[in-house]
Amino acid sequence: MASRPALTAALTALAPISWGTTYAVTTQFLPPDRPLFTGLMRALPAGLVLLALARVLPRGAWWWKATVLGALNIGAFFPLLFLSAYRLPGGMAAVVGSVGPLIVVGLSAGLLGQRPTARSVLTGAVAAFGVSLVVLKAAGALDPVGVLAALASTASMSTGTVLTKRWGRPDGVGPLALTAWQLTAGGLLIAPVAFLVEGAPPALDGRAIGGYLYLALANTAIAYWLWFRGIGRLTATQVTFLGPLSPLTAAVVGWAALGQALTPVQLAGMGLAFGATVFGQIGTRTPRVLVRGVASRGNTVTQRRRRSWPKSPAPVAASRSPHGRAVPVGAPCTAPPPADRRPTGSGRAVVAGSEPTGPESTG
């Protein structure tokens with residue numbers, strides 16, 4: 001169905017749109033200066049809820065694979081993202097994060113065997129430039145720790161996206177269980193660091209509880225389920241080109257709910273970034289790549305079918321060629337091409353090259 005990829009992309013886009021509301025919810029509802037505790041409250045409750053719904057645990061190699069993906073997509077990404085947001089002025093963290101499509105294009109070449117194209121590189125650069133026009137503001141000197149944290153968070157999420165695409169899912173396991181594994185693993189990795197660095201949890205009022213419920217359920221459980229579902233059906237590049245929708249949504253929410261004005265330059269940047277996002281979805285063919293004997297079309301990974309060839313040729317019978325030599329059935333024909341019938345000494349007509357052929361005589 002032609003509309004199915006578009007519907008999948010639209011549903012996947014709800015994830016970064018939801019993530020674009022994180023900044024407003026954090027600043028308006030949650031306790032200040034608690035990035036690790038906020039990351040923990042986003043990941044672990046959502047992971048446990050989805051794990052109870054899925055009722056599937058990893059098996060075999062998927063114990064360490066789920067841990068690696070949980071560390072990249074959740075455990076490292078959440079704290080680094082909040083750290084960069086606290087230390088960088090304005091929307092600089094979003095600008096650094098908008099280079100994610102370019103990182104994914106490069107990683108896909110090495111891990112997925114997908115050759116980068118000028119189209120994807122140019123589209124990623126335009127998206128990053130558009131986001132910079134929207135959120136970058138003139139401010140003081142940049143904090144190098146914040147810049148490194150922003151780069152590390154972007155690289156972590158990009159690597160997790162490509163590895164999620166490469167490894168796929170175990171047989172019989174849906175995106176709900178895969179999301180639950182990663183959120184739970186990421187939350188368990190954040191928990192000891194949060195308590196060691198930030199101490200005991202802060203006192204929570206009704207606004208904070210409502211904010212954490214929103215982050216855990218809509219912003220994380222549902223959003224990440226849609227995100228990993230999209231990774232399973234779209235190319236890694238298509239998925240990551242939806243990322244600029246997050247800072248664009250943050251700008252719109254700031255304008256609509258927090259009274260932040262939008263300048264003409266910001267509006268132009270929004271148009272560029274949104275256009276690059278749409279352009280990154282249309283006209284992109286789902287590549288077919290081969291990684292270590294596994295054929296993959298898009299995100300659907302299937303084991304490559306092998307033809308069953310006989311180990312040794314079956315014995316064949318011999319027949320007589322027109323020249324009187326024994327020729328095995330199925331052997332290449334070296335006689336002249338068929339010609340007009342010519343008489344023999346016995347008066348019978350013989351057609352040149354008329355030796356019998358078997359079913360294997362395909363040259």
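Visitor: What share of the 363 residues of the protein count as buried?

Guide: In this predicted model, 44% of the 363 residues count as buried, where a residue is called buried if its relative accessible area is under 20%. The protein has 14 helices and seven strands, and among contacts between residues at least 6 apart in sequence, 81% join residues at least 24 apart.

Visitor: Why is serine 108 called buried?

Guide: Serine 108 has a relative accessible area of 1%, and the word buried applies under 20%, so serine 108 is rightly called buried.

Visitor: Where is serine 108, and which residues does serine 108 touch, not counting those up to four places away in sequence?

Guide: Serine 108 lies in helix H7, which covers residues 100-111. Leaving aside residues up to four places away in sequence, serine 108 touches Gly113, Gln114, Val162, Ala236 and Thr237.

Visitor: What makes the approach of the side chain of serine 108 to the backbone oxygen of valine 104 a polar contact?

Guide: The side chain of serine 108 reaches the backbone oxygen of valine 104 at 2.8 Å, and the cut-off for a pair of N or O atoms is 3.5 Å, so the pair falls within that limit.

Visitor: Why is H4 called roughly antiparallel to H9?

Guide: Helix H4 (residues 62-75) and helix H9 (residues 144-167) pack at an angle of about 150°, with their axes 7 Å apart. Because angles over 145 degrees count as roughly antiparallel, H4 is described as roughly antiparallel to H9. The crossing of H4 past H9 is left-handed.

Visitor: Which residues meet where H4 packs against H9?

Guide: From H4 come Trp62, Trp64, Lys65, Val68, Leu69, Ala71, Leu72 and Asn73, and they meet Ser156, Met157, Thr159, Gly160, Thr161, Leu163, Thr164 and Trp167 in H9. The residues of this contact of H4 with H9 divide into nine nonpolar, six polar and one charged.

Visitor: How do you know that H2 is roughly antiparallel to H11?

Guide: The axes of helix H2 (residues 22-29) and helix H11 (residues 206-231) come within 9 Å and cross at roughly 160°. Since the term roughly antiparallel is used for angles over 145 degrees, it fits H2 and H11. Their crossing is left-handed.

Visitor: What kinds of residue make up the contact of H2 with H11?

Guide: Thr22, Val25, Gln28 and Phe29 in H2 meet Arg207, Ala208, Gly211, Tyr214, Leu215 and Asn219 in H11. The residues of the contact of H2 with H11 comprise five nonpolar, four polar and one charged, with Gly counted as polar.

Methods
Residues are numbered from 1 along each chain as its sequence is written. This is a predicted model: local features need pLDDT of at least 70, side-chain atom pairs count only at pLDDT 80 or more; totals for chains, interfaces and linings use all residues. Side-chain values use heavy atoms; hydrogens and water are left out. Axes are lines fitted to C-alpha atoms, for helices over the stretch in contact, and angles run from 0 to 180 degrees between N-to-C directions. Helices (H or I, at least four residues) and strands (E, at least two) are DSSP runs, numbered from the N terminus. Angles under 35 degrees count as roughly parallel, over 145 as roughly antiparallel, 65 to 115 as roughly perpendicular and the rest as oblique. A crossing is left-handed if the near helix is turned anticlockwise from the far one by less than a right angle, and right-handed if clockwise. Contact means heavy atoms within 4.5 Å. Buried means under 20% relative accessible area, exposed over 50%, partly exposed in between (1.4 Å probe, protein chains only). A polar contact is a pair of N or O atoms within 3.5 Å; within protein, one must be able to donate a hydrogen and the other to accept it, and residues adjacent in sequence count only if both atoms are side-chain atoms.
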